[in-house]
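Subject: Structure for your files

Hello,

Here is the structure we talked about passing on. My notes follow below it.

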Amino acid sequence: MKFRILLILSFSSIVMVSCTPEVSSNQSKESAIAVNTSVPTSSTPAKSLVPSAQSQRSTATKSGTFVSGEHTTQGTVNITTKDGKSFLELEQSFKTSESGPDLVVILHRSDNVIGSTKPPAYSLKNGDYIIIAPLKKYSGAQTYSIPNNINLADYKSAAIWCRKFNATFGAANLSS
């Protein structure tokens with residue numbers, strides 16, 4: 001392996017030396033430097049590698065604070081748009097129980113998920129919610145992309161739900 005690297009480096013050095021222009025002995029050092037440092041110009045303007053501030057900006061359209069259900073859940077959730085795409089964002093303050101084997105982030109049609117369901121599990125009915133994605137982590141900031149085919153006007157809450165046991169850990173009413 002070391003021999004291979006040495007061989008590649010040697011070959012690269014030979015290629016670089018053979019590609020540099022040769023300076024005749026009667027040329028001065030200044031003209032040799034000028035030859036080696038000349039840079040061709042382009043007629044097309046350079047494109048910025050840094051995205052514009054406008055494309056970086058996200059706008060919060062709805063937000064809410066989690067209320068505990070089956071397990072203690074706290075923090076804030078925001079629905080944001082950036083470059084025409086919607087996202088569900090859990091803020092740094094978000095925290096829920098690690099007891100769920102199959103926790104998912106959902107949007108729910110009710111504006112009061114915990115109040116409209118029965119304890120202790122706060123179970124949900126099919127058709128009342130849409131699953132956004134599996135929960136990435138039990139606490140801290142995280143972002144989930146909302147598919148374009150979801151009409152956000154149909155959903156009034158975000159929730160953390162255990163799919164396996166049909167148990168709502170916590171929900172947040174989303175308001176403008």
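How much area does the protein chain expose, and what share of it do carbon and sulfur atoms supply? The protein chain exposes about 11,800 Å², and carbon and sulfur atoms supply 56% of that area. Accessible areas come from the Shrake-Rupley method with a 1.4 Å probe; for residues, only the protein chains shown count as cover.

This is a predicted model, in which local features need pLDDT of at least 70 and side-chain atom pairs count only at pLDDT 80 or more, while totals for chains, interfaces and linings use all residues. Residues are numbered from 1 along each chain as its sequence is written, and side-chain values use heavy atoms, with hydrogens and water left out.

Overall fold

The protein chain has three helices and ten strands (DSSP runs numbered from the N terminus: helices are H or I, at least four residues; strands are E, at least two). From the N terminus, the order is α-α-α-β-β-β-β-β-β-β-β-β-β. Of the 176 residues, 31% count as buried (under 20% relative accessible area; exposed is over 50%, partly exposed in between; 1.4 Å probe, protein chains only). Among contacts (heavy atoms within 4.5 Å) with a separation of 6 or more, 64% are between residues 24 or more positions apart.

Q142

Q142 sits in strand β8, residues 142-146. Q142 counts as buried because its relative accessibility is 5%. Its side chain reaches the backbone oxygen of G140 at 3.1 Å, and a polar atom of that side chain lies 3.5 Å from the backbone nitrogen of K136. Beyond its neighbours within four places in sequence, Q142 is in contact with L88, E89, L90, F94, L135, K136 and K137.

Regards

Terms used. A polar contact is a pair of N or O atoms within 3.5 Å; within protein, one must be able to donate a hydrogen and the other to accept it, and residues adjacent in sequence count only if both atoms are side-chain atoms.
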